[in-house]
Amino acid sequence: MTVRPPAGAWRQLAPATAFYLVFFGIPLLILLVLSFWRQEGFTQVPDATLGNYAGGLTNKLYVTVLLRTILVALVTALIVVPIAYVMAYLMRFRFERRANLLLGLVLISLFSGYLVRIYAWRTILGTEGLLNTALLQLGLIAEPITALIFSPWAVMITLVGLLLPLALLPISSSMSNVSRDHVEAARDLGSNGLRLHRTVLLPMVLPGVGTAFAIAFVLAAGDFVVPTMLGGASGGTMIGNLITNFFRSSSADWPLGAALSFVVLALLVIVYLVTTRLLRWVSRR
Amino acid sequence: MIGQRAAPATDRAGEAGSGILSRWAARIFVAIVLLYLFAPVVVTVLFSFTTSPRLSLPIEGLTLDWYGQAFSNPLFMTALTNSLWLALVTAVVSVGLGLPFSFGLARLKDRARGPLLTASLVPAAVPALVLGLALAVFFTTIHVRPGLLPAAIGHILVALPFVILTLNARLETFDFTVLEAARDLGASPIRTFRDITFPIIRPSVLGAALLAMALSIDEFVVTWFTIGNQQSLPVLIWGLLRRGIDPAVNALATVVLFSLVVLVILASLLSRRRS
């Protein structure tokens, strides 16, 4: 590509930038301002208080739910990323000829309907669901396993299915930049098994793995539909449910909901920074 | 769980190269992953055709009744029309904004391009819940009632990063000297775009538009916060789900699923084609 004067470039960049500023930047800013206001009855009163943050982070229920959210999102990401890594590795280096077909299948599953997949997992995991029915008919269990649904387990099983395709894409795309010869050479020099992955392959696909982890964690932590459908009344509530309730129900508290939203956003940024640093450290050893 | 069981298998795969054992371990791993991904899809499609309203195995009989029931729901046509309208608006506007943006990016020097591209992808990294809330509060603040238009804005915000990502990938390998040649030969900017640029990038543009439509049709969270009393297919499905188990949901879901799969297959075929 030739180097072109960027004189006209700004005019081309302007419309989308304006859209982002008006419908992304300003709304987030308003939400941030709102998080320093107070709720009085049904209205929000302008203020400059940190009360929502302080109240949100000292309330035992909110902290419990927040910690559970972090734990569920962390475990989900820690299950999703290794599976996605192995799958991407196999697609690139073992089933090379069918890599496109496999990637196509993964994409189709990604777009097979967000709500649909969540609902289907409820059908599969329910007390009278497919899994329990099958296990009962096979005689493997005497009573339906009730813990399968309406528990953090059900939430994680579903989230893993939802997020696996999304985690696979970045890892797969950074692995496509790794040449087969490079891996072969490392193998010839005596690097194999886990060592091959840790010292050769993983450092090369690290950006993809970091992105995959961040995507999996962020989307798991921010999801409120899965815990609503599969989390049950108390044991599976996540921070998304709390925030949604503050904006929808009769016990509305918009400022508190806004503050909790920013707590979640801050948390996500921290997790992202820690993960990328940690991964870099692991691969350098 | 699957990961723990499968991890040793791949280590062996790495060591033994093309050993029969590792080959089978790799195949079984891929099969389990695909089963995990497609179990919900198979369940939904299967139960949209079975007679028993209660979900049970073995299957008793097949029927199209649930489709009849889903389509005769008075809200279905409204939801379908609204979803199609949203998808169309989302595709047109997000490509209309994303295409010039990607061209602008391609003209920038590397140092400016990287951060700007990353910045344009940020909305995709923010949880949909926060996007939806921020937009809901924003529209309340400027006294715009919830409805289809706010929902469309939300959909565009969701789709735009992916449109930019797709188009940027195409333009990175675009040969800009072709355009300069056309300009040197006296073609106007409009003519250059119509006769040279657009024909070259058309498959990618269509691919990006279809991707935007798929994202829009499947979008639920942002929609739920911005659409108010209006319907879209996912909002309708959500309403039915909350009322308990209704097999008509499976039929409705299968319709959505089918249209999404068609869009995504078309999109990926188009994006891959280089004219």
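This is a guided tour of a predicted model, moving from its confidence to the contact between chain A and chain B and then to three helix pairs.

Before selecting anything, note that residues are numbered from 1 along each chain as its sequence is written, while chains are lettered from A and ligands numbered from 1 in the order in which they are written. Because this is a predicted model, local features need pLDDT of at least 70 and side-chain atom pairs count only at pLDDT 80 or more, whereas totals for chains, interfaces and linings use all residues.

**Confidence**

The model scores ipTM 0.86 and pTM 0.87. Colour chain B by pLDDT, the predictor's confidence in each residue from 0 to 100: its mean is 85, and 87% of its residues reach 70 or more. Now select helix 1 (residues 2–16) of chain B, where the confidence in chain B is lowest at a mean of 42, and then helix 10 (residues 221–226) of chain B, where it is highest at 95; helices here are DSSP runs (H or I, at least four residues; strands are E, at least two), numbered from the N terminus. Over residues 1–17 of chain B pLDDT stays under 50, and for this stretch the model has 30 contacts beyond four places in sequence, a contact being two residues whose C-beta atoms, placed from the backbone, lie within 7 Å.

**Where the chains meet**

Show both chains together: 71 residues from chain A and 68 residues from chain B take part in the contact. On the side of chain A that touches chain B, helix 1 (residues 9–34) of chain A gives the most, with 15 residues. That side of chain A has 51 nonpolar, 17 polar and three charged residues, where Ala, Val, Leu, Ile, Met, Phe, Trp, Tyr, Cys and Pro count as nonpolar, Asp, Glu, Lys and Arg as charged, and the others, Gly among them, as polar.

**Helix 1 of chain A on helix 4 of chain B**

Select helix 1 of chain A with helix 4 (residues 74–107) of chain B, whose axes come within 7 Å and cross at roughly 135°. Axes are lines fitted to C-alpha atoms, for helices over the stretch in contact, and angles run from 0 to 180 degrees between N-to-C directions. The two helices are therefore oblique to each other (under 35 degrees counts as roughly parallel, over 145 as roughly antiparallel, 65 to 115 as roughly perpendicular and the rest as oblique). Among the residues that make this contact are A:Trp10 and A:Phe19 of helix 1 of chain A, and B:Phe101 and B:Arg107 of helix 4 of chain B. By class, the contact has ten nonpolar, three polar and one charged residues.

**Helix 3 of chain A on helix 2 of chain B**

Move next to helix 3 (residues 60–93) of chain A and helix 2 of chain B, where the axes come within 11 Å and cross at roughly 125°, so that these helices too are oblique to each other. Here A:Ile83, A:Val86, A:Met87 and A:Leu90 meet B:Ala26, B:Phe29, B:Val30 and B:Val33, and the contact has eight nonpolar, no polar and no charged residues.

**Helix 12 of chain A on helix 6 of chain B**

Finally, select helix 12 (residues 239–248) of chain A and helix 6 (residues 128–141) of chain B, which pack at an angle of about 15° with their axes 11 Å apart. That angle makes helix 12 of chain A roughly parallel to helix 6 of chain B. Show the side chains of A:Ile243 and A:Phe247 from helix 12 of chain A, and of B:Leu129 and B:Leu133 from helix 6 of chain B, which are among the residues that make the contact. By class, this contact has five nonpolar, two polar and no charged residues.
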